[in-house]
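Please look over the sequence and the structure shown here before reading the briefing. It is written for someone meeting a protein fold at an early stage of study.

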Amino acid sequence: MTETTPHTSTRLPAEQIPVGVERQIGSHTVTEDEVLTFGRTWDPQYFHVDAAAAAESDFGGLIASGIHTLAIFQRLSVETVLSGLGIVAGKQLRSVRFLRPVRPGDTLTGSMRVDEVSPPQNGRAVGVSSGTLVNQHGKQVLDVTVDFVARAQR
């Protein structure tokens, strides 16, 4: 547990998770080194790992992996919102849409909200959250909807 991660007992239980509240989750600027490192490690398609080859691709240059973009959203969400909630686990990626390429130098800014939380049963509740990332031009690059499991009050 890090200093910024609330102890389990201080995280909001399912019954107290705010529903319908849009939360800003911060920003992250994507670097070329980050794109190359992630691509080489997890998604070695040429347009993620080779700037020269990517320049000749349909994208006209190096782009981040969609999974990398999703990981940026996850990190921003955890650091600003999810670490304060009694989340037990992600259950399902209901929808993930990569709406436009993310390029080195792009600054991604996100928002998320909890759309619903079911009444708890057996100490757990299922919820649905949604979120987006936009680039520095205000253009949406990611839209995601996730089902999660949350701990109920004890």
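The points below deal with the sheet, the helix that lies across it, and the nonpolar core.

This is a predicted model, and its five strands form an open sheet in which the pairing is antiparallel.

**The sheet**
- The strands of the open sheet follow the order β1-β3-β4-β5-β2, and strands of a sheet pair through backbone hydrogen bonds, either parallel or antiparallel.
- Because β1 (23-29) and β2 (87-98) stand at the edges and each have a single partner strand, one side of each is left without a neighbour in the sheet.
- On average, and with direction ignored, neighbouring strands of this sheet are turned by 25 degrees against each other.
- The antiparallel pairing of β1 and β3 runs over six bridges, and H28 stands opposite L108 in β3.

**The helix across the sheet**
- The helix α4 lies across β1, β2, β3, β4 and β5, and its direction is at about 130 degrees to β1.

**The nonpolar core**
- The largest nonpolar core holds 29 residues, of which F73, L108, L133 and L142 touch the most other members.
- At least two residues of this core come from each of α1 (32-42), α4 (66-80), β3 (107-117), β4 (124-134) and β5 (140-151), and β5 gives the most, with six residues.
- Leaving aside residues up to four places away in sequence, F73 touches I25, S111, M112, G131, T132, L133, L142 and V144.
- As general background, nonpolar side chains tend to be buried together in soluble globular proteins.

Methods
Residues are numbered from 1 along each chain as its sequence is written. This is a predicted model: local features need pLDDT of at least 70, side-chain atom pairs count only at pLDDT 80 or more; totals for chains, interfaces and linings use all residues. Side-chain values use heavy atoms; hydrogens and water are left out. A nonpolar core is a set of buried Ala, Val, Leu, Ile, Met, Phe, Trp, Tyr and Cys residues joined through side-chain atoms within 4.5 Å. Buried means under 20% relative accessible area, exposed over 50%, partly exposed in between (1.4 Å probe, protein chains only). Helices (H or I, at least four residues) and strands (E, at least two) are DSSP runs, numbered from the N terminus. Contact means heavy atoms within 4.5 Å. Two strands pair if DSSP finds at least two bridges between them. Axes are lines fitted to C-alpha atoms, for helices over the stretch in contact, and angles run from 0 to 180 degrees between N-to-C directions.
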